[in-house]
Amino acid sequence: RETSNVGAFEKNFTDGMSDLFKDTGWYSHDNGMNIALLMDTGFNSSSAGIFECWDNCYNRIRICNTMILDIERYGSKFGEQWCAERRAEVRFCRAYNYYRLARVYGGVPLRTENSGSLGGLSDGAVPEDLQMERASEMDTYRFILEDLSYSAEHLPEYWPSKWKGRATKLSAWAFISRLALYTEDWELVRTAADKCKSLGAALAPDYSALFDASKGQDNSREVLFATYYLQGKLAHNYDRRMRPLGDSQTYGIECYAYFCPTEELVSLYEWADGTPFSWDTWQAEGHPDPYSEREPRFQATVLYHGAQWDGRTIDISAGGADRYSEFELQTGNVMGCTCTGYYTRKYLQESNSSFPTKYSDQCDNVIRYAEVLLNKAEACAQMGELTEGTKALNEVRERVKLPARNPSGKEELMDLVRRERCVELAGEGLRYWDLRRWKIAHSVIDGKNVTGTIVEGSPETPVYTRVDADGGAKRIFPEKYYYFAIPVAEISNNKLCDQNPLW
């Protein structure tokens, strides 16, 4: 059956809430990202809007807590190792759901297997059991790390192939490296990254193969946790929802191009020799066009005017098969066209001609070793360990044959880490949360608009023009957006749960 590819598109394509990708519809695919970015009604004092996950996460937490209790009650017949592994898997799942809550709301009530109410409003708890204060944000993340630490100790190093997709020690240590950034436990970030390496994590030789099932996407030691699918049984619709407009004619089915890269992202990619890209100098530097000689991650992430794709050439010019269409405020919905001059390449399966009838089955890489290395680089920068942090940063760059960087201090290394996270992890759902974690979302999003580049003129003498991709509006990110509103139902039923400030 068809299902959503969790973490990769639609409501979960959170890079569409950042400066790196533009949602091409106003509300046409029921996610409201443009409304959240361009209107102050996108979030309110009753709900976190498109990021609302309170009930969903606490229902899952309740299931986890019930499972932990059942293991205590009935697990003896299966042996201690079996019980320890099951607890580790369940606590991994519980940790991930608390992580989803914490990044949206900050500190939350920590309901465990020992709570009167195991997971919130829907678990049959009596009213007095629902009364629980919110833990602090820091204590919430520490609790998450405790669950992940238990998982890292007791999960197996690998599962038989029939259990592909289950969490392992590597999965737990990888998430520890991510979550410890939130507590600013820089030493733990470094320790977790080194643990991943000692357990066999390594960068894949071919960056593009990490996202293309036809190149062995599922077999890399770099993918430390992923959501897997199976064509014909549990598939998704990523190809149809992200392919460029011209593929509609090729395959006789409407393709939607839900999210398109912005010029803000595109301009971050260097030339293949590591030289920074500039619209002011690319012609003088002797490049045949602005795109074809960019570094490998650009080629694997972005479809641009003139790119070779699925047996044809991408053409965004007026009247072209993949033509550009201006994004119009209030109406949006450019009907499968790009509104930035670019289309998303990452995760598309060029060789998959069956997606119109059998849908798609590429996996969603939830966390990769490249992110772990960049987590380590950030932690080392914060600790003043420039040599070790720079080495981790350059390991990611070396995979795509870019020259090493040699930052002179902490701030320069942090700037390089932030830039590298953009180009390495584009479209993988981290940018928006990074901006919030660094507390710079207001300066990157608020009062700004994203842009694109269109092609005019003749094929022999093309003219590239920068265009606004937000319909003339400015984006909004007030201070209160760093912590969204606790749902009104929780505030009403749990008198000890206070609302976030400014809501």
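Leaving aside its neighbours within four places in sequence, which residues is E420 in contact with? I will start there and then move on to the helix pairs and a few loop positions. Please keep in mind that this is a predicted model.

E420 sits in helix α14, which covers residues 410-424. With those sequence neighbours within four places set aside, its contacts are R297, L374, L393, V396, R397 and L425. Two of these residues, both arginines, also make polar contacts with E420. The side chain of R297 meets the side chain of E420 at 2.7 Å, and the side chain of R397 does so at 3.3 Å. Is E420 itself buried or exposed? Its relative accessible area is 4%, so it counts as buried. To put that together, we have a buried glutamate with one side-chain polar contact to R297 and another to R397.

Next, the helix pairs. I have three of them, and two share a helix.

The first pair is α2, residues 54-74, and α3, residues 80-105. Their axes come within 9 Å and cross at roughly 160 degrees. An angle over 145 degrees counts as roughly antiparallel, so that is how α2 runs relative to α3. The crossing of α2 past α3 is left-handed. On the α2 side, the contact is made by W54, N56, C57, Y58, R60, I61, C64, N65, M67, I68, I71 and E72. On the α3 side, it is made by C83, R86, R87, V90, R91, C93, R94, N97, Y98, R100, L101 and Y105. Sorted by class, the residues of this contact come out as 14 nonpolar, 3 polar and 7 charged. The arginines on the α3 side are R86, R87, R91, R94 and R100.

The second pair is α5, residues 169-183, with α12, residues 369-383. Here the axes come within 9 Å and cross at roughly 35 degrees. The handedness is left-handed, with α5 passing α12. From α5 the contact takes A174, S177, R178 and L181, and from α12 it takes E371, V372, N375 and E378. That divides into 3 nonpolar, 2 polar and 3 charged residues.

The third pair brings α5 back, now against α6, residues 186-198. How closely do the axes of α5 and α6 come, and at roughly what angle do they cross? They come within 8 Å, and the crossing is at roughly 155 degrees. These two helices are therefore roughly antiparallel to each other. Their crossing is left-handed. In α5, the residues involved are L170, W173, A174, I176, S177, A180 and L181, and they meet W186, L188, V189, A192, A193, K195 and C196 of α6. By class, this contact has 12 nonpolar, 1 polar and 1 charged residues. If you are looking at α5 on the screen, A174, S177 and L181 take part in the contact with α12, and A174, S177 and L181 appear in the contact with α6 as well.

The loop between α5 and α6 holds E184. E184 is not a glycine, yet its phi is positive, at about 60 degrees. Its relative accessible area is 53%, so it is exposed.

A257 also has a positive phi without being a glycine, in its case near 45 degrees. It is found in the loop between α8, residues 246-251, and β5, residues 259-261. Is A257 buried or exposed? It is buried, because its relative accessible area is 0%.

Two more loop residues and I am done.

S267 lies in the loop between α9, residues 263-266, and α10, residues 296-301. Its side chain is joined to that of E263 by a polar contact of 2.6 Å. Apart from neighbours within four places in sequence, S267 is in contact with F277, W279 and R419.

G49 is in the loop between α1, residues 33-38, and α2. It is partly exposed, with a relative accessible area of 30%. Not counting residues up to four places away in sequence, G49 touches G42 and F43. How far apart are G49 and F484 in sequence and in space? They are separated by 435 residues in sequence, and their C-alpha atoms are 8.6 Å apart.

Conventions: Residues numbered from 1 in each chain as written. Predicted model: local features only at pLDDT ≥ 70, side-chain atom pairs only at ≥ 80, totals over all residues. Heavy atoms only, no water. Axes fitted to C-alpha atoms, helices over the stretch in contact; angles between N-to-C directions. Helix = DSSP H or I, 4+ residues; strand = E, 2+ residues; numbered from the N terminus. Parallel < 35°, antiparallel > 145°, perpendicular 65-115°, else oblique. Left-handed = near helix turned anticlockwise from the far one by under 90°. Contact = heavy atoms within 4.5 Å. Nonpolar A, V, L, I, M, F, W, Y, C, P; charged D, E, K, R; others polar. Buried < 20%, exposed > 50% of the residue type's maximum accessible area, 1.4 Å probe, protein only. Polar contact = N/O pair within 3.5 Å; in protein donor to acceptor, adjacent residues only side chain to side chain.
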